[in-house]
Amino acid sequence: MWDIVTGKLVCSHSHSSGGFNGQMAWSPDGTMIASANAGDIELWDPWSGRRIARLPGYLGDAHWSSVAMAWSPDGSQLAFGAYRSSITNQPGYGVYIKDILSRETAAFYGGHTRITTAVSWSPDGRYVASACGEKDVHVWDAQTGQLVEHYHGHSDAVGTLAWSPVDNIVASGSADHTVQLWVPGEGLIRSYQGHSELIRSVAWSHNGKYLASASADTTVQTWEAETGQLISTYRGHNTWVDAVAWSPDDNLLASSSYGVQLSDSMSGETVASYGEPAEVNVIELSPDGQLMASAASGTIQLWNASTGAQYFTYQRQDNYIPALAWSPSGHAIASSNTLTQVVEGHTRCSGQIHIWSTDESTRGELLKSWECHEDMVVDIAWSPDGARLATASFDKTIQLWHSQTGTQAGTCSHAARVSALAWSPDGTYIASSDINGSVYIWQAHTLQLLTTYEGPGCMEDLCWSPDGQFIATGHLDGSLCIWNTATQQLAWQRATSKQRLAAVAWSPDGRHIASGAWDHTLKVWEATNGQLISIYEHSAIVRDVLWHHDNQHLAAASDGVYTWPF
């Protein structure tokens, strides 16, 4: 918690049961904070840091994994989304309402088919609106749990909701890049289309006159609710913005990505910045194993892989760098970033690829750069012969490029946003994954789709085994899956974490698999049967992992780069 006047950290709290998943909410009277990790809801005194109450992860036969939460207007109840796995192993999704004083369940709505991603109360406390990452919004009675209405206005997944504090109007933000205002029982009254990427958070001003929307296009936009007119755009973040909130007097907006920014709600000017950590999001080992490249806060750095000594820093880029890839020859590094432009008052995103020299005489020189895709480039991979680059994007496409010229060699499409890709070791195939949980296998030269695998939900990362016989995939729900490429069947699956599995990496000898997760752990698994071998604890999210060539050391990207003996 930060003092907005001094910018100093006032206090910090840690969950007793593990990693924190980023969901929290102040009680209406400001006396408590509710926070969630993968299995628990905890209530805190914000000033002393004392835990007031805990709603544990195991209550009877239910495993609760909270993703969204909201206090009732009078502060007497807390609504939160949960995944409920019963003793009969039949999964169920829905929203629980817990009474704060009695800790008893006051109501349950079980109409969702996925984990709840957004919850919001009506200002009179009679109804709850909720969404589960699909195109519709459910409105239901907070006392009975009975469905009142389905809203079907969006064309893609709804991820955030906010009920007007003064009117019977719901704001819903979606992956279709829109914020829609609608009245339950009446329908759409306005659609705001100023963003170029998915909407991650929406918030009403306390007087109900304005809305703020935070997007993966890196902006926070303030606009007038009655007319949809844009008031201001805040551009102080260099990656997607996860959350936005108004100050009590409506003069300021707080928004968060890797840190918290305070801005003037009307002018969009920066007021203050808090806790902007240099979290490392990607690491890559050079082909000879001598150097490691890392990306954090728009900067690429090279390190001595053995000693950890800093070797070289490339010129800072303006935006977040989601992907790095070392060329097979070791003479170049490819990186991606996101360009944002304002066109006719709307923010538009596109991807950009940079090729940097790593040679002694020209190290740091930008060899080539080109624009690509119509959205963020989330992964890059060189073909084993170095002749081509493959790029994966949130625009649902994979594109191939001639690495020497930067000219396009081909493109193919997924049905959903692409999350990762990898060439087979012999360069014959490309595997790619998406947020729907599908793996596509393409013939690398023709981009002909050969087959697909359907995994347990949104995929975060994938990699081939060194012999090309298996593919490992990491999933949003913490699952690690191993696929046999010959039989096209699932070889085995393990629940590695209660939180997002962000990265997977196969050891060079093919015997082990490393996984990095949002629960702050790096884990090593036996590749043949999924037996857990080792756990390495970190103090922050593990976003990427790799093996050294000797099979005896691992590296993890977290709040720094860590090397571990194995």
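Four strands of this protein line up as an open sheet in the order S11-S12-S13-S14, with antiparallel pairing. Strand S11 (118–121) and strand S14 (147–151) stand at the edges with a single partner strand each, so one side of each has no neighbour in the sheet. On average, neighbouring strands of this sheet are turned by 20 degrees against each other, ignoring direction. Keep in mind that you're looking at a predicted model.

**The whole protein**

- How many helices and strands are there in the protein? There are zero helices and 53 strands.
- The protein has 566 residues, and 57% of them are buried.
- Take the contacts between residues at least 6 apart in sequence: 38% of these join residues at least 24 apart.
- About 23,100 Å² of the protein is exposed, and carbon and sulfur atoms supply 48% of that area.

**Strands and their partners**

- Back in the open sheet, strand S13 (residues 137–141) pairs with S14 in the antiparallel sense, over four bridges.
- If you want to find a matching pair there, look at histidine 138, which has histidine 150 in S14 as its bridge partner.
- Further along, strand S24 (residues 252–256) and strand S25 (residues 260–264) are antiparallel too, and they pair over five bridges.
- Leucine 253 has serine 263 in S25 as its bridge partner.
- S25 also pairs with strand S26 (residues 270–274), antiparallel again, through four bridges.
- In that pairing, valine 260 is matched with tyrosine 274 in S26.
- S25 and S26 make a hairpin with five residues between them, and glycine 268 in the turn has a positive phi of about 80 degrees.
- As a rule of thumb, side chains in a regular strand alternate between the two faces of the sheet.

**Getting to know isoleucine 33**

- You'll find isoleucine 33 in strand S2 (residues 33–37).
- Is isoleucine 33 buried or exposed? Its relative accessibility is 11%, so it counts as buried, because the cut-off for buried is under 20%.
- Leaving out residues up to four places away in sequence, isoleucine 33 touches Met24, Ala25, Trp26, Glu42, Leu43, Trp44 and Pro46.
- The C-alpha atoms of isoleucine 33 and aspartate 45 are 6.7 Å apart, with these positions 12 residues apart along the chain counted as their separation.

**Aromatic rings**

- To describe a pair of aromatic rings, you give the distance of the centres and the angle of the planes.
- The structure holds 14 aromatic pairs.
- One of them is stacked: tryptophan 240 and phenylalanine 394, at 6.2 Å centre to centre and 20 degrees between the planes.
- This pair links distant parts of the chain, 154 residues apart. Tryptophan 240 is in the loop between strand S22 (230–234) and strand S23 (243–246), while phenylalanine 394 is in the loop between strand S36 (388–393) and strand S37 (397–402).
- Tryptophan 240 is partly exposed, with a relative accessible area of 21%, whereas phenylalanine 394 counts as buried at 15% relative accessibility.
- Tyrosine 440 and tryptophan 442 form a tilted pair, with 5.6 Å centre to centre and 45 degrees between the planes; both residues are buried.
- Phe80, Tyr96 and Phe108 form one aromatic cluster.

**Charges over rings**

- Phenylalanine 394 turns up again here: the charged end of arginine 417 sits over its ring, 5.8 Å from the centre.
- Arginine 500 has its charged end over the ring of tryptophan 518, 4.2 Å from the ring's centre.

Technical notes
Residues numbered from 1 in each chain as written. Predicted model: local features only at pLDDT ≥ 70, side-chain atom pairs only at ≥ 80, totals over all residues. Heavy atoms only, no water. Helix = DSSP H or I, 4+ residues; strand = E, 2+ residues; numbered from the N terminus. Buried < 20%, exposed > 50% of the residue type's maximum accessible area, 1.4 Å probe, protein only. Contact = heavy atoms within 4.5 Å. Areas by Shrake-Rupley, 256 points an atom, 1.4 Å probe, with all protein chains shown as cover. Phe/Tyr/Trp six-rings, centres within 6.5 Å; stacked < 30°, edge-to-face > 60°. Lys NZ or Arg CZ within 6 Å of the ring centre and 35° of its normal. Pairing = 2+ DSSP bridges. Axes fitted to C-alpha atoms, helices over the stretch in contact; angles between N-to-C directions.
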